[in-house]
Amino acid sequence: MASVEEPKNKLKLYSYWRSSCSYRVRIALNLKGLSYEYVPVNLVKGEQFNPEFLKLNPIGYVPVLVDGDIVISDSFAILMVSFAFSLFFFFFFFLVDRAPDGVITSIFPVDKVQYLDEKYPQHPLLPRDLHKKAINYQAANIVSSSIQPLQNLAVLKYIEEKVSPDEKLPWLQYHIGKGFAALEKLLKDHAGRYATGDEVFLTQFPLLSRLHEAYNELPAFQNAMPENQPDAPASSTA
């Protein structure tokens, strides 16, 4: 059995318990069996704009992964990205566990998956099959380009302030519904137990609902859930 490579210096993840982007990275780390130090960043309190955090990520988003001298401040770069992560996190946060005001409090992160797969190749996060890999990228791009950026906290606050608070929900429903419909069509000929087969790689939506339930059964996903994070309040409403 191949040995699992552990980082020489313990990985450090700057995260917020409700952040869907941080959630994706936590799942990836769990799937790869990598231990890490959890550093909470409270987005509601604005801790992402503290000068020390902005040194790590000038745009002020979580997650940030620190691996020795290497700092990666976007989850897409960390993960690069299995659709399992993008679908599960986004779907969970929109349909199951939104913030008290209905706002999803994170930006989509992908760069950390690619980094993790290349440096720690055990338990690959993307399939080797080129077609399946392409479907993963296409589905992840629908989430990262056509859904999540249009419903993150900064955009919704801007709509509330510049247009009307009453326009937030219709905006969300339109863009998320459009994206989910596209995902249903894309994945209908590829999904097995999971999005693009029977392994984990990177409603009016029955397929997405089924996939969400399947991912939710896996320990790596369960351990990464918001309510299981050290900064999650007891009431899980903060």
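## After helix α1

Gly 33 adopts a positive phi of about 70° just after α1. This value comes from a predicted model.

The helix before Gly 33 covers residues 20-31. α1 holds 12 residues and spans 17 Å from its first C-alpha to its last. That is close to the 16 Å expected at 1.5 Å a residue.

## Cover on α1

How many of the residues of α1 are buried? The count is 10 of 12, and the helix is mostly covered. The buried stretch includes Ser 20, Cys 21, Ser 22 and Tyr 23. Arg 24 and Arg 26 are buried as well. Val 25, Ile 27, Ala 28 and Leu 29 complete the list.

An α-helix has 3.6 residues a turn, so residues three or four places apart point the same way.

## Strand β1 and its partners

Strand β1 takes in residues 11-15. Of its 5 residues, 4 are buried, so β1 is largely enclosed by the rest of the structure.

β1 pairs with strand β2 (residues 36-40) in the parallel sense, over 5 bridges. One bridge partnership sets Lys 12 against Glu 37 in β2. Which hand does the crossover from β1 through α1 to β2 have? This β-α-β crossover is right-handed.

β1 also pairs with strand β3 (residues 64-67). Here the strands run antiparallel, joined by 3 bridges. Leu 13 stands opposite Leu 65 in β3. In a regular strand the side chains alternate between the two faces of the sheet.

## Whole chain

The protein has 10 helices and 4 strands. From the N terminus, the order is β-α-β-α-β-β-α-α-α-α-α-α-α-α.

Of the 238 residues, 52% count as buried. The accessible surface comes to about 11,300 Å². Carbon and sulfur atoms account for 53% of that surface.

## Confidence

The mean pLDDT of the protein is 77. A score of at least 70 is reached by 75% of the residues. Among the elements, helix α2 (residues 51-56) has the highest mean, 96. Helix α4 (residues 83-95) has the lowest, 47.

Where does the pLDDT lie below 50? Residues 92-110 form such a stretch. In the model, this stretch has 82 contacts beyond near neighbours in sequence.

Methods. Residues are numbered from 1 along each chain as its sequence is written. This is a predicted model: local features need pLDDT of at least 70, side-chain atom pairs count only at pLDDT 80 or more; totals for chains, interfaces and linings use all residues. Side-chain values use heavy atoms; hydrogens and water are left out. Helices (H or I, at least four residues) and strands (E, at least two) are DSSP runs, numbered from the N terminus. Buried means under 20% relative accessible area, exposed over 50%, partly exposed in between (1.4 Å probe, protein chains only). Accessible areas come from the Shrake-Rupley method with a 1.4 Å probe; for residues, only the protein chains shown count as cover. The expected span of a helix is 1.5 Å times one less than its number of residues. Two strands pair if DSSP finds at least two bridges between them. A crossover is right-handed if, with the strands pointing away from the viewer, the path from the first strand over the helix to the second runs clockwise. pLDDT is the predictor's confidence in each residue, from 0 to 100. Contact means heavy atoms within 4.5 Å.
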